[in-house]
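Visitor: I am new to this structure and would like to learn how to read it. Could you take me through it one feature at a time?

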Amino acid sequence: MRSRLSRRIAAVAATTVVAVAGVLATGGTASADRNDAQGVIWNNESLTKGSHIRNGNAQLTLQDDGNVVIYTTGDNWAHRTPVWQTGTVGCGDRAVMQADGNFVVYGRDNRVCWASHTAQSEIGTNYPVMKLGLYSDGTLRVFSEAPYIIQVWSSR
């Protein structure tokens, strides 16, 4: 009986140590990280100048000039073609998928350079999880994932 209890206590202690180590290693956050490899930006995640996300033959980039551009390719990135942009050259400093569902390009002075206008208050919803998804065909979409998937904006 005692050895069984000791094993259970040891298992709980080991699990707790692993869980605490995981929280410490991730900076204490419980939210999902931006998934550059799958072309997803979650609530309150952002792109900074020079950064990008990809999904197959599509790439969303916040260029050094401040413009957010989607590029597509058909030859493994030897050549790329712009298919959509925010038109924020000279203004954009960071692009944020906000928790309220709005995808916004901000300038250095925090002014709004461009917005998708998909904030929950603007579209009349209260979806708890919103994210930005880049699809391999070069389409950018804002959608909710809970309670079910609903697209609220598309670049096409």
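Guide: The turns below go from the overall make-up to single features.

Visitor: Before we start, what kind of model is this, and how many helices and strands does the protein chain have?

Guide: This is a predicted model, and its protein chain holds 2 helices and 12 strands. Read from the N terminus on, the elements follow the order α-β-β-β-β-β-β-β-β-β-α-β-β-β.

Visitor: How much of the protein chain counts as buried, and what is its accessible surface?

Guide: Of its 156 residues, 40% count as buried, while the accessible surface comes to about 8900 Å², with 52% of that belonging to carbon and sulfur atoms. Contacts offer another view: among those between residues at least 6 apart in sequence, 31% join residues at least 24 apart.

Visitor: Which strands form the open sheet, and in what order?

Guide: The open sheet is formed by 4 strands in the order E2-E7-E8-E9, with antiparallel pairing. Its edge strands are E2, covering 45-48, and E9, covering 112-115, each of which pairs on one side only. Neighbouring strands of this sheet are turned against each other by 20° on average, with direction ignored.

Visitor: How many bridges join strand E8 to E9, and what is the bridge partner of Val105?

Guide: Strand E8, residues 103-106, pairs with E9 in the antiparallel sense over 3 bridges. For Val105, the bridge partner in E9 is Trp114.

Visitor: How should I read a disulfide, and where is one found in this structure?

Guide: As a general idea, a disulfide is a covalent bond between the sulfur atoms of two cysteines. A search of the whole structure finds 1 disulfide, and it joins Cys91 to Cys113 with an S to S distance of 1.9 Å. The pair links distant parts of the chain, 22 residues apart, with Cys91 in the loop between strand E6 (81-85) and strand E7 (94-97) and Cys113 in strand E9. The link of Cys91 and Cys113 is left-handed, with -75° about the S-S bond.

Visitor: Is Cys91 buried or exposed, and what about Cys113?

Guide: Cys91 has 15% relative accessibility and therefore counts as buried, the cut-off for that class being under 20%. Cys113, at 22% relative accessibility, counts as partly exposed.

Visitor: What should I look for in a salt bridge, and which residues form one here?

Guide: In general, side chains of opposite charge can pair when their charged atoms come close. The search of the whole structure finds 1 salt bridge, formed by Asp109 with Arg111, whose closest N and O atoms are 3.6 Å apart. Asp109 counts as exposed because its relative accessibility is 53%, whereas Arg111, at 46%, counts as partly exposed.

Visitor: My last topic is the backbone: what does a positive phi tell me, and where does Asn44 lie?

Guide: Most residues other than glycine have a negative phi, so a positive value is a feature to look up in the model. Asn44 is not a glycine, yet it has a positive phi of about 65°. Asn44 is found in the loop between strand E1 (40-42) and E2, and it is exposed, with a relative accessible area of 56%. His117 is another residue other than glycine with a positive phi, near 60°, and His117 lies in the loop between E9 and helix H2 (120-123).

How values were computed:
Residues are numbered from 1 along each chain as its sequence is written. This is a predicted model: local features need pLDDT of at least 70, side-chain atom pairs count only at pLDDT 80 or more; totals for chains, interfaces and linings use all residues. Side-chain values use heavy atoms; hydrogens and water are left out. A salt bridge is a side-chain nitrogen of Lys or Arg within 4 Å of a carboxyl oxygen of Asp or Glu. Buried means under 20% relative accessible area, exposed over 50%, partly exposed in between (1.4 Å probe, protein chains only). Two strands pair if DSSP finds at least two bridges between them. Axes are lines fitted to C-alpha atoms, for helices over the stretch in contact, and angles run from 0 to 180 degrees between N-to-C directions. A disulfide is a pair of cysteine sulfur atoms within 2.5 Å. Contact means heavy atoms within 4.5 Å. Accessible areas come from the Shrake-Rupley method with a 1.4 Å probe; for residues, only the protein chains shown count as cover.
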